[in-house]
Each structure stands twice: as C-alpha cells, then as structure tokens.
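Work through the exercises below with the model open. Each task is followed by a solution in steps.

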Amino acid sequence: MLENVPGARADVRAKVVDFNETGMRIHVSLLLQVNHVVVVKCQAAGVVPNDTSNARVVDCRALMGSGYTVGLTFEACAERDAPVRTAELDHYEILQVSSKADPETIHRVYRLQAQRFHPDNGETGHADTFRAIAEAYKILGNPEKRAVYDVHLESYRKFRWRIFDRSEAAMGKAAERSKRRGILELLYTARRNQPSHAAVSIHELEDLLGCPREHLDFSLWYLKENALISTSENGRYSITAKGVDHLEAEEASRSPRKHLLAAAE
C-alpha cells in the first residue's frame with residue numbers, strides 16, 4: 001500500500017514486481033511524479049525496511065493497456081549511508097577513470113584534473129567542476145569508502161536502469177524491438193538526468209540491460225543507422241534529438257487514448 005499519493009483520497013494498492021535492499025519496482029493504477037516521496041507499507045518479510053518506509057519515485061512509465069510501472073528507492077537507505085545519495089553521480093565518470101583503475105592511477109588523474117579545473121587557473125578553471133572532482137576523489141581515493149560506493153553504485157544502476165524483462169532479451173523480432181526500446185529508454189534517461197555526462201559504454205549497456213554484447217550488436221547497428229543514437233570517439237553511446245522524438249512519439253502511441261463525447265448534431 002502507498003500513502004501520500006497526489007490525487008488519491010486513500011491509500012493506493014500496488015503490486016510488487018521486484019525488490020532489493022535499496023528499492024523496489026511496482027505496478028500501480030495512478031501516475032506518480034518522479035522525485036515525489038511516498039510512504040510504502042508492506043508486511044511481507046524483507047520487502048520494505050521495517051515494514052514501512054519513505055520511498056522516492058525514480059521513474060514512472062505507462063504499461064501496455066493500463067496502469068504504470070514505477071521504480072522506487074527507499075529514503076531510509078539514503079539516510080543510513082551517504083554513498084546511496086551520491087550513487088547517481090558516477091564518480092568514475094567525473095574523474096574520467098575506469099571503475100577498475102588502481103589507486104595510483106586515480107591519484108594521478110585527480111591531480112591532473114584538479115590542476116586543470118582549479119578556480120585559480122585562468123584558462124581552464126571551473127569552480128563547479130573542481131568541486132565535483134574533489135568530491136569524487138574523496139570517495140574513490142579512500143579504499144574503504146570506495147568499496148562501499150562500488151556496492152551501492154552497482155545496486156543503484158541495476159535498479160535504476162532495469163528496462164525490460166531479461167527473459168525477453170533473447171532472439172526473435174519481438175526481442176529485438178524490446179532491446180531497441182530498452183537501449184533508447186536507458187540513453188534517454190541518461191540524457192535527461194545528466195545532460196553533460198549522458199554517454200553510456202557498451203559494458204554498461206551489457207550489465208544494465210542484462211544482455212551480452214553479441215545480443216546488442218544488431219540493435220545498436222539499427223539505431224545508429226537510423227540516427228537515433230550516436231557514438232563518441234571513445235565508443236560510448238548517447239541518444240540523439242531524433243531518438244528522443246522517436247521514443248516520445250512511440251510512448252504517446254502506446255498511452256491509452258481519451259475518447260471525447262461526440263458533438264451534438
């Protein structure tokens with residue numbers, strides 16, 4: 001059951017589709033606004049921390065037919081551990097290092113980036129970027145904090161970006177359409193949430209969509225040939241403006257149409 005749902009006069013019943021220690025995915029009949037905080041109540045053991053928890057809406061999409069699929073992240077987890085709050089900021093991306101980089105590499109790259117973007121640098125200094133780099137290094141430069149951050153980042157990514165049922169991501173025309181839609185959904189959300197860091201690597205696509213690279217090659221080729229996605233020099237993928245229009249038009253076509261009364265003759 002959900003409390004504090006805008007427009008609802010009473011608690012709203014929800015169907016649990018999936019859950020873990022950081023959040024859950026549900027099906028509901030009402031549209032929920034992204035970033036709105038609801039109260040989730042569930043007495044089934046292990047589904048919701050302490051049976052009742054505040055949860056923030058991270059995504060809400062229309063289902064085929066009727067209703068909505070909603071991703072929630074528990075606010076209690078965010079209050080308990082700071083890395084969950086910062087998980088949506090990819091510190092590896094900010095520092096421009098691999099998630100497998102050794103401590104020496106992270107330290108070296110941090111020093112170069114800090115010198116480049118320090119506010120005292122008259123040519124390339126940028127205060128906001130410098131603060132982001134310093135915050136990223138404070139986490140990644142500490143082995144214990146990095147280990148905790150890595151766990152939460154992986155959990156956050158898998159929950160945040162889960163687009164479609166992995167059992168459908170096999171072979172066949174229907175599966176290909178599902179994968180193409182999943183890729184566009186993921187890249188769309190990446191562009192919307194972090195416009196300046198919207199590119200996603202092939203390894204992230206494999207992990208977040210639950211598909212091996214060989215099952216994504218055809219879908220990526222198709223989307224690129226139709227100019228719905230683009231690739232950067234370092235091989236990362238991002239959605240184009242044409243891709244955004246295509247996805248939003250497809251979403252609008254799947255949404256239930258509201259029928260108006262016929263005009264009087």
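**Exercise 1. Overall figures**

Task: State what share of the 265 residues of the protein counts as buried, and how many helices and strands there are.

Solution: In this predicted model, 40% of the 265 residues count as buried. Next, the secondary structure consists of 10 helices and 8 strands. The exposed surface comes to about 15,700 Å², of which carbon and sulfur atoms supply 51%. Finally, take the contacts between residues at least 6 apart in sequence: 55% of these join residues at least 24 apart.

**Exercise 2. The sheet**

Task: Give the strand order of the open sheet of 6 strands, and explain why one side of β1 and of β2 is left without a neighbour in the sheet.

Solution: Read across the sheet, the order is β1-β4-β5-β6-β3-β2, with antiparallel pairing. β1 (2–3) and β2 (15–19) are at the edges and have a single partner strand each, so one side of each has no neighbour in the sheet.

Now take the partner of β2. Strand β3 (residues 23–28) runs antiparallel to β2 and is joined to it by 4 bridges. One pair to locate is Lys15 with its bridge partner His27 in β3. With 3 residues between them, β2 and β3 form a hairpin.

Then turn to β5 (residues 52–62) and β6 (residues 68–74), an antiparallel pair with 7 bridges. Here Ala62 has Tyr68 of β6 as its bridge partner.

Such pairing runs through backbone hydrogen bonds, either parallel or antiparallel.

**Exercise 3. Two packed helices**

Task: Decide whether α7 and α8 are roughly parallel or roughly perpendicular to each other, and list the residues that make the contact.

Solution: Helix α7 (residues 173–193) packs on helix α8 (residues 202–209) at an angle of about 115 degrees, and their axes are 11 Å apart. Angles of 65 to 115 degrees count as roughly perpendicular, and α7 and α8 are therefore placed in that class. The contact involves Gly182, Ile183 and Leu186 on the α7 side, and Leu205, Leu208 and Leu209 on the α8 side. The crossing of α7 past α8 is right-handed.

**Exercise 4. Val244**

Task: Is Val244 buried or exposed, and which residues does Val244 contact beyond its neighbours within four places in sequence?

Solution: First place the residue: Val244 belongs to helix α10 (residues 241–254). Its relative accessibility is 19%. The cut-off for buried is under 20%, so Val244 counts as buried. Leaving out neighbours within four places in sequence, Val244 contacts Tyr188 and Ile239. As a last step, compare sequence with space: Arg192 is 52 residues from Val244 in sequence, and their C-alpha atoms are 10.0 Å apart.

Note on methods
Residues are numbered from 1 along each chain as its sequence is written. This is a predicted model: local features need pLDDT of at least 70, side-chain atom pairs count only at pLDDT 80 or more; totals for chains, interfaces and linings use all residues. Side-chain values use heavy atoms; hydrogens and water are left out. Two strands pair if DSSP finds at least two bridges between them. Buried means under 20% relative accessible area, exposed over 50%, partly exposed in between (1.4 Å probe, protein chains only). Contact means heavy atoms within 4.5 Å. Accessible areas come from the Shrake-Rupley method with a 1.4 Å probe; for residues, only the protein chains shown count as cover. Axes are lines fitted to C-alpha atoms, for helices over the stretch in contact, and angles run from 0 to 180 degrees between N-to-C directions. Angles under 35 degrees count as roughly parallel, over 145 as roughly antiparallel, 65 to 115 as roughly perpendicular and the rest as oblique. A crossing is left-handed if the near helix is turned anticlockwise from the far one by less than a right angle, and right-handed if clockwise.
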